[in-house]
Amino acid sequence: DVGGIDIGIDSESDGEEVLDAELVSYVSVMGNLIEYMYDPVDLDLDYWTYNTIGTWTIDSTAHLDNNLMNNVTLGVRVSVESDVEFGDNYWPYYDQVAIMEQTYNSVLTVDNNIINSVGGSAADERSIISVEMEYDATVDPSTLFTEALVWVDGSVSISGNTIVQTNGNLGLVGLWNEYGTEKTGAMEVNVDVAIDNNDMSTVISPDHMIMPSPFGIQAGEVIDLDGNMDIPTDEPSFVITSTWSITGNQLIGQYFSGMVLFLETEIESPDWYLVDDRVVDISGNTIDFAIEGGLGVLLSQDIIGAGHYELNLDVNVEDNVLNMPYLEGGLLSPSPSQSIGMFVGPYEDHPTGIAESVTGAEIVDVLISGNTISGAYMGMVVGEMPMMDRALQTEVDAFIESLNMVVDNNYLIDCHQGISLNHGNATIRNNHFDNCYDGIDASYSSAEILGNTMVNVEHGIYIYYPKVVLVQDNVI
């Protein structure tokens, strides 16, 4: 468990005081040769105020680039935590309102590193490149006359890296952004994320009997708003503008899940305010030999309480190539994992939807185009995961009605089922199916199924319990 380069920056105020601060950090870890280390590069940034009044401005720049790491276990780990907190029955003096305001400007790059990892274990619960960023504006229910304000502006890049994992089963790249506000906390976020042009592979020798890696790329953005349901004046507030680019990555080797992006929203408060503008681009990636899931965009909303919600989400999934192991020995046979090549929609055991007491609007535009998927049990699933709990369906249906999904010009080859639209709303057009047992399955859905071509299929198009469906100009 030998470490290579370990850097920590910790700034905090934990007393009942008034304190203004301007904090500037610049970290450069570049051009190093690191060999035979368990944990080669480790960076921790921690900013915390507790029961403090004032204004903090934080300018943080970190470049962890162009390093060569040979015969290591892990690669690069980055942890960023920023928390503005009032708690422990805090009341300000003289009946004033205590306000702590923090502005966090951040640039982080983990680019162009070469990492040769040997013998890592998924039991470490780490990925070879791991980035976790957490920002909180926390006001405990025991406090009065307090406000925590956090403004985040930044960018994160994990791009141009070459990762070769030998006889190990670590995930390769993990990136999570988590944001939380509580009671009278407020936060505004403007963040750009790029995971682009990484070349990654996992190689397992024939004499090593180990499980495949859990994932190639796993990323997520979590929004959490909390209030005390017994205090009607609680109103956490959150405004986010974010872009996600996951493009041009090459992923070769055995992985249970190739590439997945989670977008989660959790709210429990008597009142709240959320404006959510996000753009997602997942394009031009190649995933070779994903076992259970090739590529996914998984959406989740778990919302309790009355509030105002504006969601504008653009998702583009284009020109990806996914090769799955379903086709074995030239024959199609049932896969025990029931593998899914591509999935876009709400996912299992995470209810998605908003109550009637919520004002605002949801607009979700999804384009899935130009992708090639081969060898999956289910080539593409859009709308809803088929095995979701139907007891949650009322809220899920309400959310799915706001999805404008276009699935066009995709190629599905050697899949048991080509495209499954389940409790969804989509236009499925100009797709090509070759040697699939079933072509298109639309269940409990509204759909336009137009101009698709199916060659060597047992069943062309299934329609179960349709809502509004048009089937036109298909060739089977």
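## A tour of a predicted strand-rich chain

I99 counts as partly exposed because its relative accessibility is 33%. The scale is simple: buried means under 20% relative accessible area, exposed over 50%, and partly exposed in between (1.4 Å probe, protein chains only). This is a predicted model, in which local features need pLDDT of at least 70 and side-chain atom pairs count only at pLDDT 80 or more, while totals for chains, interfaces and linings use all residues. Residues are numbered from 1 along each chain as its sequence is written, and side-chain values use heavy atoms, with hydrogens and water left out.

**A patch on the surface**

I99 sits in strand β9 (residues 98–109). Strands here are DSSP runs (E, at least two residues), numbered from the N terminus. On the surface, I99 joins W91, V97, L144 and F145 in a nonpolar patch. Together they have about 460 Å² of accessible area. Such areas come from the Shrake-Rupley method with a 1.4 Å probe, and for residues only the protein chains shown count as cover. Patch members have over 30% relative accessible area and no salt bridge; nonpolar side chains (Val, Leu, Ile, Met, Phe, Trp, Tyr) are joined within 5 Å, like charges within 9 Å.

**The cores**

In soluble globular proteins, nonpolar side chains tend to be buried together. A nonpolar core is a set of buried Ala, Val, Leu, Ile, Met, Phe, Trp, Tyr and Cys residues joined through side-chain atoms within 4.5 Å. Which residues touch the most other members of the largest core? They are L64, V78, V110, F238, I368 and M380, out of 109 residues. Strand β11 (residues 127–139) gives the most to this core, with seven residues. Another core lies apart from it, with twelve residues, including F262, L298, I340 and V381.

Take M380. Its contacts (heavy atoms within 4.5 Å) include M342, V407 and L412, leaving aside neighbours within four places in sequence.

**Strands side by side**

Strand β10 (residues 114–118) has two faces. I115 and S117 point to one face and are buried. I114, N116 and V118 point to the other and are not buried. Two strands pair if DSSP finds at least two bridges between them. Strand β7 (residues 68–72) runs parallel to β10, joined by three bridges. There, M69 stands opposite I115. Strand β13 (residues 162–166) also runs parallel to β10, with five bridges. In β13, T162 is the bridge partner of I114.

V72 belongs to β7. V72 counts as buried because its relative accessibility is 1%. Its C-alpha atom is 6.1 Å from that of E35, although the two are 37 residues apart along the chain. Not counting residues up to four places away in sequence, V72 touches nine residues named here: I34, E35, Y36, M37, P40, I115, N116, S117 and V118.

Strand β15 (residues 185–196) is largely enclosed by the rest of the structure, because nine of its twelve residues are buried. Strand β12 (residues 146–157) runs parallel to β15, over ten bridges. One pairing puts S155 opposite D192 in β15. Strand β18 (residues 237–247) also pairs with β15 in the parallel sense, through eleven bridges. Here N190 has T241 in β18 as its bridge partner.

**Salt bridges**

How many salt bridges does the structure hold? It holds six. A salt bridge is a side-chain nitrogen of Lys or Arg within 4 Å of a carboxyl oxygen of Asp or Glu. The table gives some of them.

| Acidic residue | Basic residue | N to O distance |
|---|---|---|
| D39 | R126 | 3.5 Å |
| E221 | R278 | 3.0 Å |
| D408 | R429 | 3.5 Å |

D39 lies in strand β5 (residues 39–50) and R126 in the loop between β10 and β11, so this pair ties together parts that are 87 residues apart in sequence. D39 is buried at 15% relative accessibility, and R126 is buried at 18%.

The pair of E221 and R278 links strand β17 (residues 213–226) to strand β20 (residues 273–283), 57 residues apart. E221 is buried at 0% relative accessibility. R278 is buried too, at 4%.

D408 in strand β30 (residues 403–408) and R429 in strand β33 (residues 425–429) are 21 residues apart in sequence. D408 is buried, at 9%, while R429 is partly exposed, at 33%. Elsewhere, salt bridges that share partners join D42, D44 and R77 into one network.

Notes:
Helices (H or I, at least four residues) and strands (E, at least two) are DSSP runs, numbered from the N terminus.
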